[in-house]
There are 4 protein chains.
Amino acid sequence: MIKVGVVGGTGYTGVELLRLLVQHPAVQLQAVTSRGEAGTRIADLFPNLRGHLNLTFTAPSLDHLSQCEVVFFATPNGTAMQMAPALLQAGVKVIDLAADFRLNDVAVWEQWYGIKHLCPELLAEAVYGLPEIHRTEIAKARLVACPGCYPTAVQLGFLPLLEAKLIDPQSLIADAKSGVSGAGRKASIPMLMGEAGESFKAYNVLGHRHWPEICQGLTAVTKTPVGLTFVPHLVPMIRGIHATLYATLLEPTVDLQSVFEQRYQQEPFVDILPAGAHPETRNVRGVNICQMAVHRPPSGKTVVVLAVIDNLVKGAAGQAVQNMNIMFSLPETTGLTAVAWLP
Amino acid sequence: MIKVGVVGGTGYTGVELLRLLVQHPAVQLQAVTSRGEAGTRIADLFPNLRGHLNLTFTAPSLDHLSQCEVVFFATPNGTAMQMAPALLQAGVKVIDLAADFRLNDVAVWEQWYGIKHLCPELLAEAVYGLPEIHRTEIAKARLVACPGCYPTAVQLGFLPLLEAKLIDPQSLIADAKSGVSGAGRKASIPMLMGEAGESFKAYNVLGHRHWPEICQGLTAVTKTPVGLTFVPHLVPMIRGIHATLYATLLEPTVDLQSVFEQRYQQEPFVDILPAGAHPETRNVRGVNICQMAVHRPPSGKTVVVLAVIDNLVKGAAGQAVQNMNIMFSLPETTGLTAVAWLP
Amino acid sequence: MIKVGVVGGTGYTGVELLRLLVQHPAVQLQAVTSRGEAGTRIADLFPNLRGHLNLTFTAPSLDHLSQCEVVFFATPNGTAMQMAPALLQAGVKVIDLAADFRLNDVAVWEQWYGIKHLCPELLAEAVYGLPEIHRTEIAKARLVACPGCYPTAVQLGFLPLLEAKLIDPQSLIADAKSGVSGAGRKASIPMLMGEAGESFKAYNVLGHRHWPEICQGLTAVTKTPVGLTFVPHLVPMIRGIHATLYATLLEPTVDLQSVFEQRYQQEPFVDILPAGAHPETRNVRGVNICQMAVHRPPSGKTVVVLAVIDNLVKGAAGQAVQNMNIMFSLPETTGLTAVAWLP
Amino acid sequence: MIKVGVVGGTGYTGVELLRLLVQHPAVQLQAVTSRGEAGTRIADLFPNLRGHLNLTFTAPSLDHLSQCEVVFFATPNGTAMQMAPALLQAGVKVIDLAADFRLNDVAVWEQWYGIKHLCPELLAEAVYGLPEIHRTEIAKARLVACPGCYPTAVQLGFLPLLEAKLIDPQSLIADAKSGVSGAGRKASIPMLMGEAGESFKAYNVLGHRHWPEICQGLTAVTKTPVGLTFVPHLVPMIRGIHATLYATLLEPTVDLQSVFEQRYQQEPFVDILPAGAHPETRNVRGVNICQMAVHRPPSGKTVVVLAVIDNLVKGAAGQAVQNMNIMFSLPETTGLTAVAWLP
């Protein structure tokens, strides 16, 4: 049994991580920390965990967390970098679900996140936890930075086309849509049901933190800078991301369906739909799968990729557990085999 | 491995049953039938099952189904009674998720369901599949009638009070609310999202088929006729039932919290919340639990019970699997231990 | 043109009031105040008002507000009582949409609202603004306390039965359901779409501030104390209240449909549906109507009343405008004749 | 008063048209027809119209409709073309909310709609009812084809850029999102709340009937064929369209905000938001406005236009009334001045 700690278990990625960990056959939860809720029984805050988890939130303590083999950070940006160096020093592996270690370039990170990075020396060591690209490095990593929700869907969708040099890397457009849980579990007027319900809007068109993250990931594939327009939208639903991706085809005669099927045929968590199909976010709700379809509309030179994930699972907590499985040499699907429910 | 057949796998209770059965460690699915979808891959109709179920819908065939040890009917009312006699004759156990065998009195059944019953002789044999009351009989049954969704929540809520003779059996009021999946997966204007979304209404105030079923169940407890007012409502959400139950207390000084906790302390699928708490339907979404709280408002002589279930799980497919587990001497929670996700 | 001021225009009742007032043919908006948003163009905060309202929020000022003929308070509880005495002194009529003047008994008010009342001497003068009962007094009032949203629906529903002495006043049960806008436009975790969406729950079963308000109103009709059990619930929709009311009939043979139709036949904003119908909250969304149906289920002695309103219109801002019309001798429906849209 | 007939008043565009017409100060409704609901009181089918409309649905009759000055068709595609010739012959103006007269080229029409056109000779005469482009022709028209919902938003969004030759007409991408009411009020499984709720998907990526309509409209502006990729999506909400438009800028230094503001400064129903803003569909819910913002993300050469409408108002019934106002020389905003409510 792997001894596991969770720092920051009171948000949506936190409770989702707890749901997956309490059902994971190789995990023993040692500590779940929260400064604000220390002393509260976790199942009192999250009644879905009644009968499955008997722990109480504790204040984060390095001594306590150092007894774990791996510590997950399901915290706001800027928290993991405060404790990660000491934990790594103590021999504990660290998996960050937030953004602290996602960008390689400290200047870019500080520009987009607006704070000073406390351990820039770890940025080079941190492995970007997208197993479909970095599986080998993840297996050897001490510190894994789980990708953001949008970046997971967008990168997985563009990847086969960029790797095969089938599209113009300057022509990328990602029109992405997210359910409200992507904004987290914190009091805010715009995320009230009275505000976000029964309405649809774009936001942050002039700049979103996931834009440099996606650009970094795609540039690593193309080896040349990509031109990406990224427009996120808010959907009046709780879970799910739908990325609609557009690019200009360089090779108009290639069999795109085969390209996608072959790229992902060994991947347990990427599901390519048959030609002509349209994924729905509910197909992957609650599970660690990215479901995709590739289309070439009659207009001809533009390829359209449709990619859906659950932002809290393959876009956060599920991918984090997938990374843990890889880091601890477990079968990659351990604890991640549940079936989505429908409706 | 238990050889299992499912008749009518294209509705919401059907696909939910398939979700539970493909994850059940002791089940081998032999046949899933549908007249309308015969020849269609099940996972093409229900993409959540991709990678988990390779079967194709077949037309229902007695020969084929007779090779099963148990057959579930997830069909419209009036279907199970057409095939159940022959299957029982062939030594196959039958679990009906519809209403064909829920009422003991054939005249009452025919009055409420508007058709002639084809095998009234089986009504006496059929066991009403509410394990919290009939576990012993279920274990020995060949034919189990799973309770309706509203009747599950309402009976479990009134049960401790009636068994302990704490309330006036003539004073029962059940104000029940259901998500839209309770109406099934069939084309209808009132269940369009444009009609049922962002609105709330009562329906069938002058008579609902679950009323005689609840009365029958409660009368069996009290041994005297009950007076029950039952008002169902439609909630603009997909899954969940919330029953708000009212009755006049006969014993105003009793510790109601203890009565509920003691009645259900051995029940794996009934969860009594602490005093003062309010269950939410999402706490039990996707899982086989009835979560309850009991309150005595300041007005004094009225007790209020709040009971929530997922109408498709504890109110249908999950309870059906629970019954199967009992009938085949498996641990009752086998295949039913998943954790609800939140949000 | 009536010179109108609005104190506290940044909440949901505030913006709804502004929507109604900018379309009202006899109103001239003089001032809309907000401490927090002073200096902000109102239409920048509420883009639905672009092109209809050119005012800017100002800090509340007695000098400025005293130039109005009437001032509405769409503020949190405890605010109107700070300014109302001075405004009345200055000859300005006051209509409070909050709770400061709803209860006659200062001790009861202070118990339920947890603060000291600043002008208890005005409680006796304030008129409870439910025109279907107090139209004559409203016409002469300087200070009107608009009813709460639940109390509007519950009182209008029980009124015909209590006035005609058809039900046992000790047997009242109000199972009430509200959309999320009833909780107002303020940052809070429980009202996030991720929390309130796709779920249903009861709340405050052991005590809600609308309970003493309803009891006071109904007792004024019966002249004897009523026994009322009141259970509010939260519905995953934005607007609407559905009250399902239960009581024990004393006169089982009376024609209840006629009782309701006759009681409200002169009322422009109460709509009695034909026998057997079920109102839906969407029927009255955005409009100042209470739509009702009365049923007697087969169980016999219990009467069921179904009453729906829009909590922000007939339950708040619309009723406030209706009161203003009465106070200024305008036709009561002035500015309140829009048609609900569907879907 | 204009004598008005409505053919096909039982769908969502029909009931929305009735809502607008009963409040229109210059309209007298003469007949509302429906084969299926003939004899039903309209307000019984649509309770929002109770007290506002006393008519009963009648079977469509040429004699009866010929007494109108204008007849609206809120019918499925293929219906208006059956009666339009005779009505025009009788001197009645015709406004079609469906697609029968939207395309100039009969061959293209028959290819996309799959049926033979019954009066191709009228295609040349019919005026495309987008007042922001064709106001002059609409004023003189006998037959107006109201644009589809997506085409309204997409064309209004691209128009200023194409007219000013600021973008490459081969580079157009329209990522469009619609609420479920766009699919109409007809029984269908995919539009059940259990299917469309809490999920998001693209559909018809390989071909949607609005694609040739948009191409026709934009080509008329550019005078050269446009290259348009159009991807519609279904949003789990009832009303609203959000079009996110992308194109490659030819003139990277132009002040796009001014271009949009100047193009639409005289338009009563187009509202350009300030630079940096994001429209939300709820801002225009229930009203006849297209609200837009234009952005140039940091990637540089791609312009992003965000355009929202209510698909049933500016995308259907409201635009139809706007066209009627123009055809009858009324002020264009007559009957269309209501304020959207929020939330």
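These legends walk through close-up views of a predicted model, from its domains to the places where chains meet.

**View 1. Chain A comes in two domains.** The domain assignment splits chain A into domain 1, residues 2-125, and domain 2, residues 149-310. Measure from one C-alpha centre to the other and you get 27 Å between domain 1 and domain 2 of chain A. Where do the two touch? Nine residues of domain 1 of chain A are in contact with seven residues of domain 2 of chain A. On the domain 1 side, helix 5 (residues 106-113) of chain A gives the most, with three residues. Sorted by class, that side of domain 1 of chain A has six nonpolar, two polar and one charged residues.

**View 2. Six strands line up in an open sheet in chain B.** What is the order of the strands in this sheet of chain B? Reading across, it goes 2-1-3-4-6-5, with parallel pairing. Strand 2 (27-33) and strand 5 (127-128) of chain B stand at the edges with a single partner strand each, so one side of each is left without a neighbour in the sheet. Look next at strand 1 (residues 2-7) of chain B, which pairs with strand 2 of chain B over six bridges, in the parallel sense. Along strand 2 of chain B, you'll find Thr33(B) standing opposite Val7(B).

**View 3. A helix lies across the strands of chain B.** Helix 4 of chain B, residues 80-89, is the one to look for here. Which strands does helix 4 of chain B lie across? They are strand 1, strand 3 (70-73), strand 4 (93-96) and strand 6 (143-145) of chain B. Helix 4 runs at about 160° to strand 4 of chain B.

**View 4. Strand 1 of chain D has partners in strand 2 and strand 3.** Strand 1 (residues 2-7) and strand 2 (residues 27-33) of chain D run parallel, joined by six bridges. In that pairing, Gly5(D) is opposite Ala31(D), which belongs to strand 2 of chain D. Add helix 1 (residues 12-22) of chain D to these two strands and you have a right-handed β-α-β unit. Strand 1 of chain D also pairs with strand 3 (residues 70-73) of chain D, again in the parallel sense, over four bridges. There, Val6(D) has Phe72(D) of strand 3 as its bridge partner.

**View 5. Chain A meets chain C.** Here 15 residues of chain A are in contact with 15 residues of chain C. Helix 8 (residues 193-196) of chain A supplies the largest share of the chain A side, three residues. That side has nine nonpolar, four polar and two charged residues. To lay chain A on chain C, turn it by 180° with a shift of 0.0 Å along the axis; the RMSD is 0.0 Å. That is the relation of a two-fold axis. The same surface serves both copies, as 100% of the contact residues of chain A recur in chain C.

**View 6. Chain C meets chain B.** In this view, 40 residues of chain C are in contact with 40 residues of chain B. Several elements of chain C each supply at least two residues to its side, among them strand 7 (172-178), strand 9 (228-234), strand 10 (241-248) and strand 13 (302-309). That side of chain C divides into 19 nonpolar, 14 polar and seven charged residues. A turn of 180° and a shift of 0.0 Å along the axis lay chain C on chain B, with an RMSD of 0.0 Å. Which residue of chain C comes closest to the rotation axis? It is Pro236(C), whose C-alpha is at 3.2 Å.

Definitions and conventions. Residues numbered from 1 in each chain as written. Chains lettered and ligands numbered in written order. Predicted model: local features only at pLDDT ≥ 70, side-chain atom pairs only at ≥ 80, totals over all residues. Contact = placed C-beta atoms within 7 Å. Nonpolar A, V, L, I, M, F, W, Y, C, P; charged D, E, K, R; others polar. Least-squares fit on C-alpha atoms with pLDDT ≥ 70 in both. Pairing = 2+ DSSP bridges. Axes fitted to C-alpha atoms, helices over the stretch in contact; angles between N-to-C directions. Right-handed = clockwise from strand over helix to strand, strands pointing away. Domains from an automatic or database assignment.
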